[in-house]
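Please look at the structure shown below while you read this report. It takes up one helix and its surroundings, and then turns to a sheet in another chain.

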Amino acid sequence: MTTTTPTTSIPAVRELSQPAALTYPHLGVRRMVLVALVLGLLAAFALSLAVGSVNIPLHEIITILTGGEATRAAWSSIILNFRLPKALTALLAGAALSVSGVQMQTLFRNPLADPYVLGISSGASLGVALVILAAGTTGSVLLAGLGLLGDFGLAAAAAFGAAVVLALVLLVARRVQSVVTLLILGLMFGYVTGALVSLLMYFSIADHVQIYLSWTFGSFGGVTWNQMRVFAPAIIGGLVIALMLVKPLNALLLGETYARSLGVNVRQLRRWLILSTALLAGAVTAFCGPIGFLGIAVPHLCRGIFGTSDHRTLIPASILLGGMVALLADWVAQVPGSQIILPLNAITALLGAPVVIWIILRRRSLRASLNG
Amino acid sequence: MNHSSLIAHSPASDLATGNRQLETSLSTHHLTIGYRQGRRPPRVVAADITVALQPGELVCLIGPNGAGKSTLMRTLAGMQPPLSGSITLMGADLPTLTPRELAQHLSIVLTERVDVGILPAYALVALGRYPYTDWTGNLSPDDEAVIQWAIKAVGATDLAARSVDELSDGERQKIMIARALAQEPDVMLLDEPTAFLDLPRRAEMMQLLRHLARDTHRAVLLSTHDLDLALRSADQIWLLPKGGNLQAGAPEDLILSGAFEAAFRAEGVTFDAYTGAFRMNTPPAGVVSIIGDGLPAVWTTRALEREGFCAVPNNPTAAIRIEVLPNLWRITANGETQEYRSLYEVIAVLRS
């Protein structure tokens, strides 16, 4: 219809809008903030490569990364086989969890939703636990012995578990309007899958239990280059889907009825969101363990920093900030300057819980924030 | 407020004066609405509805709660399939339109408050351009022009930069209407747009919608409980009583045909065709003669009617007579005369 609008009328509108131009906000991304985020992410990535229990000079790192020979062969191995895949994993996992958090918060119209809270990560855990038992493999760093097929199976099982729980939560969400009920149900799904995993572990040998427990602490350090061939495409695929959905996600901010009235195929949108979240949350849970709080905290930080819920800003910003926060959390978990490595989940909780409390307090009341 | 001067410059109104005016915007043909319930027979809410919406018309859908106003709105919006009959939107059969085409012809405003998080009002209105933009949702200069026109048309220019979550209910409603307008629809459906507003805001909102319908040659259908306002503003009333026998016509037609009175008698409300006012049904309490004139006499009559008395002017044979003086009411009953300083006291005495 716009294209058929007589061009003569448009200048009239423009003239009218000229004096009031200041009252119309600029809808584009705040570019300076975006540039700052990119620089921050690069800095965090560099930090993650440079800092570790072994001290490697910065110029040596650059030499190694550009394909040169390091003074000591061990340094090369540390950077290329440990620090680089670990940094990449943290970057991808942080981006994945944050973006799936944004998707869940918009889909459920709930500021406290994320894959972890809704029990989706637990579903992925169940898939992982089943694969470990079925394969009968333990292997240090969980799955080293399984090979590419095993990695793929693991990721598929986790994504499948995540999708099943998400579909269940959605099914209930369509019948139950109350958001509080939904959160409690997500929590219960989490307990049930947790209980099933416990039962599985009860019948497993002690080594398995030990490995499973250390897996639940969360770590970005367990992904080998071989596993990266499954991990990275899954995450990038999920992120690409998310980026394709920015427009309908914006319409969904108004609720499903308005979204439909704008021409959104809500059912199809929901399917794509399930697929994207299952890929993102499933892959991260499979290879890094169930990592909490990043999915809630980062999207809210992005909304605060950019002052908008517009997904065209929110999704790219969550990718950048999510990657950066994950890298920093990993850096903190290594306790710089020591040999200690803390559970990653403890660090993300310490960073994320205050953000969640801030979200709740900033709203006039919890009731308002949940019934909104 | 004068919206027409702004709307005259709108991109759409130029089109509107052309071919649009001749076509019926929305019409139904023997439409039956209701719900399918699996194997059991469908639950019919209203049957055999044949009505038409013309461009430039403001139509109010009124009726008691539970009569099916929302079901009708949802069916007309294409959100719910009809049980039988057909709906024609701008000459096309409704189910044949793609979601995008439908969104370009018809937009809605719902009663429920939306919580969109942190979003400037301008960005919310911009969502109305959804059916016109590419997959990224980027706005062309034309889109921006339509958004700004829509914001002006509802008189919300000063709200554009503010965040939606800090707007009042009335301001938010204006923005939601601007959003619906930015869709450049031929038909706008509004579900109780005045529900959360105070009385002056309601009148203003109705006035605004009337102007929008007239000046942009769009058809506006709104459901409302505001009978008085509907009677004063609507070009057409669709009256949907319980039982689903919808009647349509100019407000005055429905009053003269007695349809209005009949529809609301069952609800315990009496419609006075002479004053156009609604009254609660209360058992008659006697005849009171009112002596006096001017505003005090008018409101004395109203107060007495509320209590179920039949107030008649200057009737010496009535058992109770009230003389209305400046700030003084003199009541004569059973040969006794007493004076009161307020209507509150007068009513208290008469009640006992």
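In this predicted model, the buried residues of helix H13 (residues 294-306) of chain A are covered by elements that include helix H2 (31-50), helix H4 (73-107), helix H14 (311-333) and helix H15 (344-362) of chain A. H13(A) is mostly covered, since eleven of its 13 residues count as buried. Among the buried residues of H13(A) are A:Leu294, A:Ile296, A:Val298, A:Leu301 and A:Phe306, and the list also includes A:His300 and A:Arg303. A residue is called buried here if 20 or more other C-beta atoms lie within 10 Å of its own, so the word describes how many neighbours surround a residue. From its first C-alpha to its last, H13(A) reaches 18 Å, which is close to the 18 Å expected at 1.5 Å a residue. Just after H13(A), the residue A:Gly307 takes a positive phi of about 65°.

The second part of the report concerns chain B. Chain B has 13 helices and 18 strands, and its C-alpha trace spans about 85 × 50 × 40 Å along its principal axes. Of the 352 residues of chain B, 41% count as buried. Among contacts in chain B between residues at least 6 apart in sequence, 66% join residues that are at least 24 apart.

How many strands of chain B form the open sheet that contains S7, and in which order do they lie? Six strands form this sheet, in the order S7-S8-S9-S4-S10-S11, and their pairing is mixed. The edge strands are S7(B) and S11(B), each of which pairs on one side only. Neighbouring strands of the sheet are turned by 15° against each other on average, with direction ignored.

At one edge of the sheet, S7(B) and S8(B) run parallel and are joined by four bridges, and B:Val109 stands opposite B:Leu190 in S8(B). Two helices of chain B also meet strands of this sheet, as the table sets out.

| Helix of chain B | Strands of chain B it meets | Angle |
|---|---|---|
| H3 (residues 69-76) | S4 (58-62), S8 and S9 (219-223) | about 150° to S8(B) |
| H7 (residues 169-182) | S7 and S8 | about 170° with S7(B) |

Helix H3(B) lies across its three strands, while helix H7(B) packs on the sheet and touches S7(B), one of the edge strands.

Conventions
Residues numbered from 1 in each chain as written. Chains lettered and ligands numbered in written order. Predicted model: local features only at pLDDT ≥ 70, side-chain atom pairs only at ≥ 80, totals over all residues. Pairing = 2+ DSSP bridges. Axes fitted to C-alpha atoms, helices over the stretch in contact; angles between N-to-C directions. Contact = placed C-beta atoms within 7 Å. Expected span 1.5 Å × (residues − 1). Buried ≥ 20, exposed ≤ 12 C-beta atoms within 10 Å, placed from the backbone.
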